[in-house]
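I opened a fresh page for this one and jotted things down as I looked them up. Rough notes follow.

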Amino acid sequence: MTETSKTTSPPEVRSFRKFRIVWLGQLISSIGSPFQSIAVSIWILETGRGAGALAAVLAAGTISQLIGTLFSGPLVDRLGALSIILHCDVIRCTLAGFLAVALLLEFNTVAIIGLVSVSGIAGGIFLPALRSAPGVLLSEEDRPRGNSLMEVSNSTSMLVGALTGGMTVAFIGPIPAVGFNAVSFAIGALCAALIKRRSSLTNTTATTDSMIGLVREGLAFVWQTGWLRTLLLVDATLDLVTAGQLSVGLPAISRQLTGASSLGLMIAGFGAGSLMGALLAGKLPKIPLHPIRIVYLLQLLAAPFLGVLPLSNLPVATVCLAMAGILNAIASVQYMSIIQRNVDSNILGRVMALLVAAGLSVQPIGQILCGILIEGGWLQESFAVGTLVMMLVCIFGLTRRNLGKLVY
């Protein structure tokens, strides 16, 4: 499909003002997420369980998130993005509370893996709904602004959430940090519930189709769409590399520096760059190059900034992550807008779910491999190889002719 078709179902949220209320709730919710991820990472390392245990916990969370994603697409297209966002936030709030108790009572690693896994399933269902939200909740002319807001939310999460989360873990401890995350999920759910109650419109697409039929339709669309298969391949490879570097590599680097506070500062640097990139994304001059090629060019430029992290001190590493964040955010806003313009809204949830699943399916491999390399003393080498793979796959994306057929 290379032409945008008109949706047959009305948006769940008509006005951009209402969308901003949903976005505000998700902004607060996203700020809480780094609190929990930093808390769990530091708690595992400080209790002497090692990088291998951290990699196992992260991999279990990613695998469970993948499982949730497999069910997410049909649910989003059938029940609506707003309903999925609401219910997932309620579930994640409850699970974050249980996790705080588990850390307080010093449960064993298996129990932590279990809680992280259940939370990962809810997160896997949630993420495609969130990525689909601008495409199904807003009119076509408002979608670019919606995508920019979503990227601003992600960036603010890494900037404010990571910085304050790292400080909270360092000076107060992991348990209050996880408790704050539970509260942030509750706020996100309340905002979604407020708009859902006021809205008389719901997404009615494919409500009479079976779940199996919806899945089959989504898979058929991907199989028949060459450009989408290319995107899936490139995305999966990039996620294979960056999952290990950012989720396992950065905590390991932080242990060589100042611990939780340095981890929070580095992630905040990436967030600051991402926020700047999100704000700049809609104001940059037009470049005589197809937007999808701009996306891969930006990712190609970002790769070396990640590769030098193990060789850097804290200020240099923070600046490098900020530069990578700027490039990645501009690419992400461009990327989401291209997909939404080229996919009908009545199948957008399933397409987003498949894109998320492509990355999640390989992230555990990247996390485990990175954990093994770090345990073996190969931290610098793992980042160097990852950078090389990122650059090669971006060059592959830049040379694919079928991507030039996308509407923009």
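I started with ring pairs, and the count came to one aromatic pair. Worth saying up front: this is a predicted model. While on rings I also checked for charges over them, and I found Arg92 over the face of Phe126, 4.0 Å from the ring centre.

**Cysteines.** How many disulfides does the count give? I got zero. I looked at two cysteines anyway. Cys93 has a relative accessible area of 22%, and since buried would need under 20%, I put it down as partly exposed. Cys370 has 7%, so by that cut-off I wrote it down as buried.

**Overall make-up.** I listed the elements next: 14 helices and zero strands. Reading from the N terminus, I wrote α for every element in the run. I then turned to the chain as a whole, where 57% of the 408 residues count as buried. For the accessible surface I noted about 16,800 Å², with 68% of it belonging to carbon and sulfur atoms. I also looked at contacts between residues at least 6 apart in sequence, and 88% of these join residues at least 24 apart.

**Helix lengths.** I wanted to see whether a few helices span what their residue counts predict.

- H1 covers residues 16-46, and at 1.5 Å a residue its 31 residues should span 45 Å. I read 45 Å between its end C-alpha atoms, which agrees.
- H10 runs over residues 291-307, and its 17 residues should give 24 Å. I got 25 Å end to end between C-alpha atoms, so I marked it as agreeing.
- H12 takes in residues 345-360, with 22 Å expected for its 16 residues. The end C-alpha atoms are 23 Å apart, and I ticked that off as agreeing too.

**Helix burial.** Which way do these helices go, enclosed or open? For H1, I have 22 of 31 residues buried, so I call it largely enclosed by the rest of the structure. H10 has 13 of its 17 residues buried, so I gave it the verdict of largely enclosed by the rest of the structure. H12 I noted as mostly covered, with 14 of its 16 residues buried.

**Phe396.** I found Phe396 in helix H14, which is residues 379-398. Its relative accessibility is 29%, so I have Phe396 as partly exposed. Which residues does Phe396 touch, leaving aside neighbours within four places in sequence? My list reads Thr230, Leu233 and Val234. For Thr230 I also took the separation from Phe396: 166 residues in sequence, and 9.5 Å in space from C-alpha to C-alpha.

**Gly226.** I placed Gly226 in helix H8, residues 226-256. With 23% relative accessible area, Gly226 goes down as partly exposed. I paired Gly226 with Lys405, and they are 179 residues apart in sequence but 10.0 Å apart in space, C-alpha to C-alpha.

**Ile67.** My last stop was Ile67, in helix H2, residues 50-79. I have Ile67 as partly exposed, at 39% relative accessible area. How far apart are Ile67 and Ser361 in space? I noted 9.1 Å, C-alpha to C-alpha, against 294 residues in sequence.

Terms used: Residues are numbered from 1 along each chain as its sequence is written. This is a predicted model: local features need pLDDT of at least 70, side-chain atom pairs count only at pLDDT 80 or more; totals for chains, interfaces and linings use all residues. Side-chain values use heavy atoms; hydrogens and water are left out. A disulfide is a pair of cysteine sulfur atoms within 2.5 Å. Buried means under 20% relative accessible area, exposed over 50%, partly exposed in between (1.4 Å probe, protein chains only). Helices (H or I, at least four residues) and strands (E, at least two) are DSSP runs, numbered from the N terminus. Contact means heavy atoms within 4.5 Å. Accessible areas come from the Shrake-Rupley method with a 1.4 Å probe; for residues, only the protein chains shown count as cover. The expected span of a helix is 1.5 Å times one less than its number of residues. Rings of Phe, Tyr and Trp (its six-membered ring) pair if their centres lie within 6.5 Å; planes under 30 degrees apart count as stacked, over 60 as edge-to-face and the rest as tilted. A charge sits over a ring if NZ of Lys or CZ of Arg is within 6 Å of the ring centre and within 35 degrees of the ring normal.
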